[in-house]
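Me: Please pick one part of this protein and take me through it slowly, with whatever connects to it. I'm in my first year, so plain language is best.

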Amino acid sequence: MKKRIETYGKGGVLEISGNPQETILYLKGKPIQYSWYAEVGTIWRYHIAQGLKKKAVQLSKRVEEQLRRGVANEVEFSEIAEYFNSFFGYGTYEYGYYELFEDIQWINIPETEEYQSFDYYGGAIDISPTQNAINEEWVAEYKEQILTGLRPVIVLLHVENSWMFHLLDGHHKFCAYQVAKIKPHAIIVTKLGSEYKTTKETIDLARSMNCFRQDSLEHMEREKRNLRRYRNKKLVLEEAFRLIKGG
């Protein structure tokens with residue numbers, strides 16, 4: 001199932017921008033996560049994030065229930081896509097319903113709402129949570145539902161051709177899929193097109209998020225000189241994940 005929607009961003013609280021080299025996620029105009037690649041003999045990803053105590057977006061009970069029991073058909077998929085589109089700023093977004101791979105992992109984020117920066121090997125698809133609190137009882141409940149055959153849906157947001165995916169909704173479901181050792185079902189929202197910041201804009205943004213590590217800033221500056229290598233990078237979601245067809 002796939003659907004493409006253009007939005008003019010009236011009242012949108014979420015924005016994402018970037019390209020295959022870097023991604024910035026904003027909530028109500030404030031950057032909450034910033035991730036970028038750097039070649040330092042191997043592929044490293046530098047990441048700045050803050051953890052949210054609550055969901056990035058609060059959903060209606062109707063949509064929460066749809067996501068809890070799984071997407072049954074094209075009509076439900078379209079309804080969920082239209083609903084989520086109201087949260088986004090200006091842009092064209094493509095929605096797809098996918099089965100991820102079984103051992104997909106997320107990266108760690110801070111347990112507090114303070115910005116923290118870190119780096120790690122970045123040669124794979126990365127999922128970054130936005131919520132920093134997990135209730136183990138909810139995870140156990142979702143696990144039991146999954147083992148009985150239900151496929152609750154998580155929601156991921158990313159920029160076209162980016163390998164960084166931000167988890168907007170479904171943190172407990174994601175953990176439950178991992179415990180159950182079953183492939184997660186996900187609606188992936190892709191913002192189409194690439195946006196490039198200047199070196200100064202990039203470094204100013206990192207510093208505004210309390211990233212003052214000189215080595216990180218130097219790697220970032222060097223990578224900006226090599227953007228040509230990223231402009232032709234592609235990520236075809238249907239090659240990474242299985243597209244689920246509607247009933």
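Reply: Let's start with A180, which belongs to helix α4. Keep in mind throughout that we're looking at a predicted model. A180 has a relative accessible area of 13%, and buried means under 20%, so this alanine counts as buried. To get a feel for distances, compare A180 with A124: they are 56 residues apart in sequence, and their C-alpha atoms are 22 Å apart in space.

Now for the empty space that this helix helps to line. A handy idea first: rolling a probe the size of a water molecule over the atoms shows where empty space is left. Here, the largest pocket holds about 400 Å³ of space. It has 18 lining residues, and those closest to the centre are K55, E64, W138, Y142 and H172. Helix α4, running 171–180, is one of the elements that give two or more residues to this lining, together with α1 (61–69) and α3 (136–147). What sort of residues make up the lining, by class? There are eight charged, six polar and four nonpolar ones.

Let's move on to the rings. A pair of aromatic rings is described by the distance of the centres and the angle of the planes. This structure has 12 aromatic pairs. As a warm-up, take F88 and Y93: their ring centres are 4.8 Å apart and their planes meet at 20 degrees, and planes under 30 degrees apart count as stacked, so this pair is stacked. Both partners are tucked away, because F88 has a relative accessibility of 1% and Y93 has a relative accessible area of 1%.

The pair that brings us back to our helix is W106 with F174. Their ring centres lie 5.1 Å apart with the planes at 10 degrees, so this is a stacked pair too. F174 sits in helix α4, while W106 is in the loop between β6 (91–99) and β7 (116–121), so the pair links distant parts of the chain, 68 residues apart. Are the two partners buried or exposed? F174 has 0% relative accessibility, so it is buried. W106 comes out at 21%, and because buried means under 20% and exposed means over 50%, it counts as partly exposed.

Elsewhere, rings gather in a bigger group: Y98, F101, F165 and F241 form one aromatic cluster. Rings also turn up with charged partners. R45 lies over the face of Y37, 4.1 Å from the ring centre. In the same spirit, R231 has its charged end over the ring of Y196, at 4.2 Å from the centre.

What about cysteines? A disulfide is a covalent bond between the sulfur atoms of two cysteines. How many disulfides does a search of the whole structure find? Zero. C175 is buried, because its relative accessible area is 13%. C211 is buried as well, with a relative accessible area of 2%.

Next, a quick word on the backbone. Most residues other than glycine have a negative phi, and most peptide bonds are trans. K28 is worth a look, with a positive phi near 55 degrees even though it isn't a glycine. You'll find K28 in the loop between β3 (22–27) and β4 (30–39), and it counts as exposed because its relative accessibility is 70%. N161, also not a glycine, has a positive phi of about 70 degrees. Its place is the loop between β9 (153–159) and β10 (164–169). Unlike exposed K28, N161 counts as buried, at 12% relative accessibility.

Since N161 follows strand β9, meet a residue of that strand: V153 is located there. V153 is buried, with a relative accessible area of 0%. Its C-alpha is 18 Å from that of E238, and the two are 85 residues apart along the chain.

Finally, here's another helix to set beside ours. E74 lies in helix α2, which covers residues 74–85. E74 counts as partly exposed, because its relative accessibility is 36%, whereas A180 back in our helix is buried. E74 and N132 are 58 residues apart in sequence, and 32 Å separates their C-alpha atoms.

Note on methods. Residues are numbered from 1 along each chain as its sequence is written. This is a predicted model: local features need pLDDT of at least 70, side-chain atom pairs count only at pLDDT 80 or more; totals for chains, interfaces and linings use all residues. Side-chain values use heavy atoms; hydrogens and water are left out. On a 1 Å grid over the protein atoms alone, a cavity is a set of points where a 1.4 Å probe fits but cannot get out, and a pocket is an open set with protein on both sides within 12 Å along at least five of seven lines; lining residues have an atom within 4 Å of a point. Grid points are joined across faces, edges and corners, and a volume is the space filled by probe spheres set on the points. Helices (H or I, at least four residues) and strands (E, at least two) are DSSP runs, numbered from the N terminus. Ala, Val, Leu, Ile, Met, Phe, Trp, Tyr, Cys and Pro count as nonpolar, Asp, Glu, Lys and Arg as charged, and the others, Gly among them, as polar. Rings of Phe, Tyr and Trp (its six-membered ring) pair if their centres lie within 6.5 Å; planes under 30 degrees apart count as stacked, over 60 as edge-to-face and the rest as tilted. Buried means under 20% relative accessible area, exposed over 50%, partly exposed in between (1.4 Å probe, protein chains only). A charge sits over a ring if NZ of Lys or CZ of Arg is within 6 Å of the ring centre and within 35 degrees of the ring normal. A disulfide is a pair of cysteine sulfur atoms within 2.5 Å.
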